[in-house]
Amino acid sequence: MECGLVLKSVGYKSIPVDGLPFDHRKGIVPNVRGRVLSEASEDAQVEKGLYVCGWLKRGPTGIIATNLYCAEETVASISEDVERGVVTSRSGISKPGREGLLQLLDSRNVKIVPFGGWEKIDSEEKRRGSLKNKPREKLTSWQDLLEVATK
């Protein structure tokens with residue numbers, strides 16, 4: 001079998017990240033709900049504005065979907081901290097958020113596909129896959145993706 005590229009994506013333990021505390025026994029950055037702790041002890045303090053998710057957060061456990069729930073928990077912690085004022089913008093100036101991002105993308109003539117468009121793509125890929133007795137048949141060109149998304 002010819003192959004031009006092989007990527008290894010199997011591992012069993014995270015490695016330390018420079019500048020972050022690391023529990024070598026567990027192979028994780030000590031944390032509470034994704035909030036990084038100063039050390040792996042009962043007396044550890046939360047490191048303001050530092051967060052972690054995935055294997056670095058919980059160790060080598062779970063399946064792909066586990067990462068989704070893991071990330072959701074960390075994002076919830078970030079959101080809570082922003083709402084409580086624990087983390088703020090370094091400049092102190094409020095950020096324009098979603099509207100600002102949409103304006104920036106529009107000014108750069110970047111086409112976006114909203115969630116509803118993605119749902120159309122997902123449905124069409126599944127429909128095409130069912131015709132070939134497969135879970136899905138991926139749309140592989142931008143033209144096809146945009147055509148389906150904007151139907």
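This report describes a helix, a small sheet and several individual residues in a predicted model.

**The sheet**

Three strands form an open sheet in the order β1-β2-β3, and their pairing is antiparallel. The edges are taken by β1 (31-32) and β3 (46-51), and because each of these has a single partner strand, one side of each is left without a neighbour in the sheet. Strand β2, which spans residues 35-37, is joined to β3 in the antiparallel sense by two bridges, and within this part of the structure Arg35 stands opposite Tyr51 in β3. The loop between β1 and β2 contains Arg33, a residue other than glycine whose phi is nevertheless positive, near 50°.

**Helix α2 and its buried side**

Helix α2 has 20 residues and reaches 29 Å from its first C-alpha to its last, which is close to the 28 Å expected at 1.5 Å a residue. The helix lies across β2 and β3, and its direction makes an angle of about 115° with β3. Its buried residues are Cys70, Thr74, Ser77 and Asp81; they cover an arc of only 50° around the axis, and therefore they sit on the same side of α2. These buried residues pack against β2, β3 and α1 (55-58), whereas Ile64, Tyr69 and Glu83, on the other side of α2, are exposed. After the helix comes Gly85, with a positive phi near 80°.

Thr74, which belongs to α2 (residues 64-83), illustrates the buried side of the helix at the level of a single residue. Its relative accessibility is 4%, and Thr74 therefore counts as buried, the cut-off being under 20%. When residues up to four places away in sequence are set aside, Thr74 touches Arg33, Gly34, Tyr51, Val52, Cys53 and Lys57. By contrast with these contacts, the C-alpha atoms of Thr74 and Asp18, which are 56 residues apart along the chain, are separated by 20 Å.

**The cysteines**

The structure holds zero disulfides. Cys53 is in no disulfide, and the nearest cysteine sulfur to it, that of Cys70, is 5.2 Å away, a separation that does not meet the requirement of sulfur atoms within 2.5 Å. Cys70 is likewise in no disulfide, with the sulfur of Cys53 as its nearest cysteine sulfur. The two residues also fall into separate classes of accessibility, since Cys53 is partly exposed at 41% and Cys70 is buried at 6%.

**Accessibility of selected residues**

The table collects relative accessible areas for residues discussed in this report.

| Residue | Relative accessible area | Class |
|---|---|---|
| Thr74 | 4% | buried |
| Cys70 | 6% | buried |
| Arg33 | 33% | partly exposed |
| Cys53 | 41% | partly exposed |
| Lys26 | 45% | partly exposed |
| Asn133 | 76% | exposed |

**Residues outside the sheet and α2**

Lys26 is placed in the segment before β1, and its C-alpha atom is separated by 31 Å from that of Thr88, a residue 62 places away along the chain. Asn133 is located in the loop between α4 (115-131) and α5 (142-149), where its phi takes a positive value near 60° although Asn133 is a residue other than glycine. At 76% relative accessibility Asn133 counts as exposed, while Arg33, in the loop between β1 and β2, is partly exposed, with a relative accessible area of 33%.

Notes:
Residues are numbered from 1 along each chain as its sequence is written. This is a predicted model: local features need pLDDT of at least 70, side-chain atom pairs count only at pLDDT 80 or more; totals for chains, interfaces and linings use all residues. Side-chain values use heavy atoms; hydrogens and water are left out. Helices (H or I, at least four residues) and strands (E, at least two) are DSSP runs, numbered from the N terminus. Buried means under 20% relative accessible area, exposed over 50%, partly exposed in between (1.4 Å probe, protein chains only). Contact means heavy atoms within 4.5 Å. Two strands pair if DSSP finds at least two bridges between them. Axes are lines fitted to C-alpha atoms, for helices over the stretch in contact, and angles run from 0 to 180 degrees between N-to-C directions. The expected span of a helix is 1.5 Å times one less than its number of residues. The arc is that of the directions from the helix axis to the C-beta atoms.
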